[in-house]
Amino acid sequence: MAETKNKLIRKPTFGEAITPLLGMLILLGLGYGKFGLPIQALLIVAAFVASLIAKRVGYGWEDMLAGITDKIHSSLGSLFVMVCVGGMIASWMVSGTIPLLIYYGIQIINPHYLYVTAFFVCAVISTFTGTSFGSAGTAGVAIMGIAIALGLPLDITAGAVLSGAVFGDKLSPLSDTTILAPIAAGTTLYRHIRSMMYTTGAASIACIVVYTILGLNTNVSALSNPEQVTAMLSNLEALYHFNPILLLPPVLVFWGAYTKKPTIPMLLLSSVIALAMGMIFQGFTLKVALNAFVKGFNVSMLPAVAGGVKTLKVINTLLNRGGLMGMMGTVLLVFCAFAFAGIFSKAGCIEVILERVKSSINSVGNLIAATVGSTLFMSIVTGSSYLAILIPGEMFQNLYKKFKLAPETLSRTLEDAGTCAVPIVPWSVAGTYMATTLGVPTVQYMPYAVLCYGSMIFALIYGYTGIFLIKAKEGKEK
């Protein structure tokens, strides 16, 4: 028992320590999972429950506020990256960069290798857009239409589409979960992305093998020109003036990642170049371009639309996104999550819980398994990849340090079980979106979503075999 400023501070009991966590799980499981209440409000209530425990063990409001401030302060750099990414997405829409990538990505579809092509195309689009929703809702819809025309199994096709969409959602520097995972684990964005190459790379190879075998063993007839694909391509051609120079912004970003340039300056430089291209090649005015950068892009801003060109609904769904303000909802969610995590941590609850489970975590393999299990549990209960990443990330940070593992080993494991699991949870937002968009129930495409469970399997294999684990000293050298 310690004494601070005439206040007696004691360690919480196990019952006290677990009460805020159980309260959060109940609030989110019922409030969000069943009744669809706002996550932010539920997290604030959970933070209030945590504050009662903190008060009970002797902490005052100033102490709790310090705990919250510490959590937010440690992640400010990543939050700035997140906001910059929102602006960059909008700027790439203005320039025509993302539409160009989608335009050519759709055209590489080969009907004789539909499943593996579905994986590749959706992976490319989701990587450059940073969203699995946009990839599945555009190229995914077109691929499902091709599968229907050929009479191919829709459950396999949907599983391949989802695997490709999740690939980019995990690895793209534009993805919100890719940005959140290193925040939760205490590492940097590009270290996190490089670390995921081991698990996601192996799972992707498994996808290629499985989808190729399934495709070669499926009778594929000659494919007529799909109307939806043709309509999408024609609509994009009418809306934008495409040329290879539009590839410069993504090339610049990935060159910056490869050469380890500072993230935020590279994102802003890419955005400035993209906005300039939008004015030069697409005819945007400076005012409209900057409005898109701040408030988010909308197809109604396109000069071609003002000139009378009509847009397809699927094009609107894909292109209407981004902007600095578009990231504010995610930033608010992070603040609310850290309100809970800051108080929960300050009260000493995490240490007490981890002390109880240390007896079962006596090896790196068990640590990885515990991380996967906890993250998977959070995914199932809350249906939110954000919470499945943030909360276990906070809880397991010190144990990864104890086993001398780099924080990017934790961050990649969080995504292996968090980002990947949520789309195959039927009651989650991602699960219901994919099922509705692709027209296949979640339980039917689940067995063929190889990447979603493959990443978890490889994470466990690496944990128990010790291969491809990034040690702490390696993380410091990078």
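**Close-up 1. Cysteines Cys-336 and Cys-420 in the predicted model.** Cys-336 is buried, with a relative accessibility of 7%. Cys-420 is buried as well, at 0% relative accessibility. For the sulfur of Cys-420, the closest cysteine sulfur belongs to Cys-452 and lies 5.6 Å away. A disulfide requires the two sulfur atoms to be within 2.5 Å, so the separation of 5.6 Å between Cys-420 and Cys-452 is too far for a bond. The count of disulfides in the model is zero.

**Close-up 2. Helix α9, residues 176–185.** How many of the residues of α9 are buried? The count is 10 of 10, and the helix is accordingly described as mostly covered. The run opens with Asp-176, Thr-177 and Thr-178, each of them buried. Ile-179, Leu-180, Ala-181 and Pro-182 are buried too, as are Ile-183, Ala-184 and Ala-185. After the helix comes Gly-186, which has a positive phi near 85 degrees.

**Close-up 3. Ser-204 in helix α10.** This view shows a serine within the helix that spans residues 189–216. Is Ser-204 buried or exposed? Its relative accessible area is 8%, which is under the 20% limit, so Ser-204 counts as buried. Which residues does Ser-204 touch, leaving aside neighbours within four places in sequence? The contacts are with Phe-119, Phe-167 and Leu-451.

**Close-up 4. Lys-404 in the loop between α20 and α21.** The loop follows α20 (385–402) and leads to α21 (407–417). Lys-404 has a phi near 55 degrees, which is a positive value in a residue other than glycine. Where the residues of the earlier views are buried, as Ser-204 is, Lys-404 counts as exposed, with a relative accessibility of 59%. The cut-off for exposed is over 50%, and the 59% of Lys-404 therefore places this residue in that class.

**Close-up 5. Phe-468 in the loop between α24 and α25.** The helices on either side of this loop are α24 (450–465) and α25 (472–477). What is the phi of Phe-468? The value is near 60 degrees, positive in a residue other than glycine. With a relative accessibility of 42%, Phe-468 counts as partly exposed. This class lies between the limits of 20% and 50%, which is why a residue at 42% is neither buried nor exposed.

Terms used. Residues are numbered from 1 along each chain as its sequence is written. This is a predicted model: local features need pLDDT of at least 70, side-chain atom pairs count only at pLDDT 80 or more; totals for chains, interfaces and linings use all residues. Side-chain values use heavy atoms; hydrogens and water are left out. Buried means under 20% relative accessible area, exposed over 50%, partly exposed in between (1.4 Å probe, protein chains only). Helices (H or I, at least four residues) and strands (E, at least two) are DSSP runs, numbered from the N terminus. Contact means heavy atoms within 4.5 Å.
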